[in-house]
Amino acid sequence: MTAKEPQTLRRGLRLGGRALLVTAAYVAAAVVILGTVFALRGLVSPGVLKSFLAFVLVASLSAGLEPGTVKAAALTEAGIGATPQTVFLAAGLLKALIAAPILTLLWAFADPSAAPSALALTPAIAFAGFGATDLRVLFDLEGRYAAAIGLKQGSLAGGIALGGACLAMGLPLAAALAISTLARLLLLALVLGRPVAAARGPWRQAAAQLANRRWLDLAAVSVVAAVGGSADRVIGLRWLTAADYAGYYLVFELLSKFWLIPYVLAPILFARQAAGHDARGFVRGAWLLTALAGAVFLTVVAAILTVSPAAPAQWLAAPFGWAIWLFAAAVTVNGFAQLRLSQLQGEGRGRRATVGAIAGAAVGTALFYAGARWFGAPGLLGAWLVKSALELILLSDPPGGSRGAARVRP
């Protein structure tokens, strides 16, 4: 055994342990969210369920957006060591207040029946998502993987489950959403240990964090990816019937769990490249793992649709047919695109990632609209494949370009 082999083994065991931890948390959160939706289908009216799913969309979108504060600090020479958690959360609150009007308009467009009392919660929902995301990145960079994944997944899944439970007990929709959001904010306070506004210092330092322009590219890519990736559900909420949208939502939530793979690998890839390590071997392994898992995933979905084609229609209460397999293919291709995005960001090529993501999102939104208006939910599922393939092409280097080059810290 060479001198490097024990170190390589320990590193592999750490990565394997982290992958198991993230997988368990991700699966648990998915079960909680899907279980909540399934339970509510038999307890509330289709209209109330559709309004609740609009809230779930906004909460998920906020949680998926990357404020970029911690990642931007990690890419500087000073790193994150000298910055308290309160500063990152204070910066996240400022960004949430900026994003709230846009998210409110998006919510109102997707669900015209949304009550003003529900829309008024948008700033708090945005801050709950931004805060959890920034702390997740911070804990990841510090090696506190259990805290990172527990906070990120527990906040969103726990909040949705609590809101669903309140609805099941007969509380009005606005009250259920308010309780859900308050619980997520209390979780941030518990993790932090003390209020963000306990001193003036964090706010001054937060303003300094905003001056680090690296977060703009990071946040821009996240905004484009999140909005472009959520456009299908916004359009679906607006133009599909309540029953069709509920079926579409379940297909999306079930099959998109394949994204657990890039969800686990992308932060590691970013952290390695941001630290200046040579990540080429890790990139090759990540792409190979995604390809093998994708082949198995597509085979299983095709087998289900072939052996028991009526089962998905009965289970979803909507006949989507082989459009489900097209969406599974789209999910697989999109997994590669997510890895590529993280790779570009870790290499410090944020502007390159932003341009590709914007172009893909613009075309994808048009495809979602056309698919939903002309073909309904199956059209939305099929449009995902074109969008995902286009994004991967736009994010890829031309032939002869370097893939997985290490980012060396100056």
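This report covers the salt bridges and one nonpolar surface patch of a predicted model.

## Salt bridges overall

A search of the whole structure turns up three salt bridges. Each is described below with the burial of its partners.

## Arg233 and Asp232

Arg233 pairs with Asp232 in a salt bridge. Their closest N and O atoms are 3.3 Å apart. Arg233 is buried, at 9% relative accessible area. Asp232 is buried too, at 0%. Both count as buried because the cut-off is under 20% relative accessible area.

## Lys257 and Glu253

Lys257 forms a salt bridge with Glu253. Here the closest N and O atoms lie 3.0 Å apart. The two partners fall into separate burial classes. Lys257 is partly exposed, with 23% relative accessibility. Glu253 is buried, with 9%.

## Glu391 and Lys387

The side chains of Glu391 and Lys387 form a salt bridge, at 2.8 Å from N to O. Both residues sit in helix H16, which spans residues 350-395. They are four residues apart, about one turn of the helix. Glu391 and Lys387 are both buried.

## Nonpolar surface patch

Phe109, Trp239 and Tyr369 make a nonpolar surface patch of about 290 Å². Trp239 belongs to helix H10, residues 214-239.

Why can Trp239 be part of a patch? Trp239 has a relative accessible area of 35% and is partly exposed. Patch residues need over 30% relative accessible area and no salt bridge, so the 35% of Trp239 passes the area cut-off.

Terms used: Residues numbered from 1 in each chain as written. Predicted model: local features only at pLDDT ≥ 70, side-chain atom pairs only at ≥ 80, totals over all residues. Heavy atoms only, no water. Patch = residues over 30% accessible without salt bridge, like charges linked within 9 Å, V, L, I, M, F, W, Y side chains within 5 Å. Areas by Shrake-Rupley, 256 points an atom, 1.4 Å probe, with all protein chains shown as cover. Salt bridge = Lys/Arg side-chain N within 4 Å of Asp/Glu carboxyl O. Helix = DSSP H or I, 4+ residues; strand = E, 2+ residues; numbered from the N terminus. Buried < 20%, exposed > 50% of the residue type's maximum accessible area, 1.4 Å probe, protein only.
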